[in-house]
Structure formats: C-alpha cells, structure tokens
Amino acid sequence: MDFHTWEPVYEAVLADFGYPREGDERARDRLGELLDGAETYDPAALGLDGATVAVAGAGPSLEAEADRAAAADVVLAASTAADRLADAGVAVDCMVTDLDKNAATGRALTADGTPVVVHAHGDNVPALNSHVPDYDAAFVVPTTQAAPTVAVHNFGGFTDGDRAAFLADHFGASSLSFPGWDFDDPDVGPEKRRKLRWAERLLHWLERRRGERFDVLDGRRGEIDPIEEP
C-alpha cells in the first residue's frame, strides 16, 4: 500500500470521525523522536512473503478459534489478542498496537525479541511518551496513518486488526485468516462499533485488491459500503 492510494481513504476516516490530521502528524513525529537514532525492526524479517498469516483479533471468539492461529505460518496479534493467544498456548510472531490496553505486553515482547508494531495517532501521544522509551527499539516497528516519514511507516489500515492485515499484504503474505474477529460484538461501545464498521470496509477493500475472499466477511459483503479504488 503506497500513501497515494491510502490517502483518500484516510481522509474519509478523518472526516467520518472528526479527527484532525494535524494530531496524527504530531503523534507520528513524536514517535519518530522517541526512536531517534535507533535501528528499528524491519518487518520483512517476519517471513511474511509467501506465508499463510493469521491476523488474530481480540473478539470473544478468539479462544474457540485459537487453533486457526496455530495452523498459520505467521501469527500477527491485535493488541490483547497477544495475551489471550499466549494463554491458549499459541506463539505470537508480532503484536500490533496503539498502546491503548496492554502496553506492558509490548515491553515484554520486545525484551524477548518479538517485534511490536507501535502505532501513533492523534490521541495517544501520552501513551507513546510513557511506554516507547521502555521498549527495545530493535524490535519496534513504528507506524502512522498519516503520511509516512523516513522513520515512521504507513502500510495502510486504521484499527489494530486491519493494520495487521495490511502489513501482511504489504510484505507478500499468500493468504490471510482472521481468528477472533467479531464484527457484531455486543459488548463494544458506539465508537468502537463504528471503528469495526471501518475495519470491515477496509478488509473488503483489501480482499478485492488481493483477489482473495476472506472468510470473516462471508455473509456480510452485501451490507458493506465498498471503498472505491482511488
């Protein structure tokens, strides 16, 4: 995903939620400053090229579907899905997070040599300041949803889960599966529900770009407002 293609979708997300672009850019720049001079992790080293990749969400179905994650070549876990898969005995190859919940898990993972994709956005600068200095920068992948810089990447995506899927696509995954994804989770609040609708739209866009059909969207495509290719 190049930024020229991503930018119109990003602008639509900002308009829908009323988020200021300047906030994302400030957070991006702060993340770059916190990692200044460090050699961060190259996601190409994850071995995604040609791999079957499980993009694990943190929905209520995750434990029941943990075997689907275990069967994949590479496991990318969105936020707290990393802890829950570990509890289920499934090794996680990378965590994708904006540090809103389990930042201590990210610290432990980087200390053990497991990469963590740390995302900067407009309202998480305090979390970046609090946690990124404690991470082993050699296992941090810094990302933004705004324009990328030399230090901070943008592989596409909006929520932790769909950003993991776009990461896998960017680095050549052969197929994606989605254990632990529950778009209709009744326990989420209104804003999270809107974010899940965007995640659904973004996965629908991604599967069409890939020529792949994601089983997590089966029975749902007719109700999805499609994103038109810019």
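1. In this predicted model, strand S4, helix H6 (residues 125–131) and strand S5 make a β-α-β unit, and the unit is right-handed. S4 and S5 run parallel and are joined by five bridges. One of the pairs to look for is Ala-120 with its bridge partner Thr-144 in S5.

2. A right-handed β-α-β unit is also made by S3, helix H5 (residues 103–111) and S4. Here strand S3 (residues 94–97) pairs with S4 in the parallel sense, over three bridges. Met-95 has Val-116 of S4 as its bridge partner.

3. Is strand S4 enclosed or open to the outside? Five of the five residues of S4 (residues 116–120) are buried, so the strand is largely enclosed by the rest of the structure. Buried here stands for under 20% relative accessible area. In a regular strand, side chains alternate between the two faces of the sheet. In S4, Val-116, Val-118 and Ala-120 lie on one side, Val-117 and His-119 lie on the other, and both faces are covered.

4. The wider setting is an open sheet of six strands with parallel pairing, in the order S5-S4-S3-S2-S1-S6. Strands S5 (140–144) and S6 (175–177) stand at the edges; each has a single partner strand, so one side of each is left without a neighbour in the sheet. From one strand to the next, the twist averages 20 degrees.

5. At the S6 edge, the pairing is with strand S1 (residues 52–56), in the parallel sense and over three bridges. Thr-52 can be found opposite Ser-175 in S6.

6. Helix H8 (residues 190–210) deserves a separate look. The helix has 21 residues and reaches 30 Å from its first C-alpha to its last, close to the 30 Å expected at 1.5 Å a residue. Just after H8, Gly-211 takes a positive phi of about 70 degrees.

7. What do the buried residues of H8 pack against? They pack against helix H1 (3–17), helix H7 (160–170) and strand S6. The buried residues of H8 include Leu-196, Ala-199, Leu-202, Leu-203 and Leu-206, and also the charged-name entries to check by eye, Glu-200, Arg-201, Glu-207 and Arg-210. Trp-198, His-204 and Trp-205 are among the buried residues of H8 as well. An α-helix has 3.6 residues a turn, so residues three or four places apart point the same way.

Key
Residues are numbered from 1 along each chain as its sequence is written. This is a predicted model: local features need pLDDT of at least 70, side-chain atom pairs count only at pLDDT 80 or more; totals for chains, interfaces and linings use all residues. Side-chain values use heavy atoms; hydrogens and water are left out. Two strands pair if DSSP finds at least two bridges between them. Helices (H or I, at least four residues) and strands (E, at least two) are DSSP runs, numbered from the N terminus. Axes are lines fitted to C-alpha atoms, for helices over the stretch in contact, and angles run from 0 to 180 degrees between N-to-C directions. The expected span of a helix is 1.5 Å times one less than its number of residues. Buried means under 20% relative accessible area, exposed over 50%, partly exposed in between (1.4 Å probe, protein chains only). Contact means heavy atoms within 4.5 Å. A crossover is right-handed if, with the strands pointing away from the viewer, the path from the first strand over the helix to the second runs clockwise.
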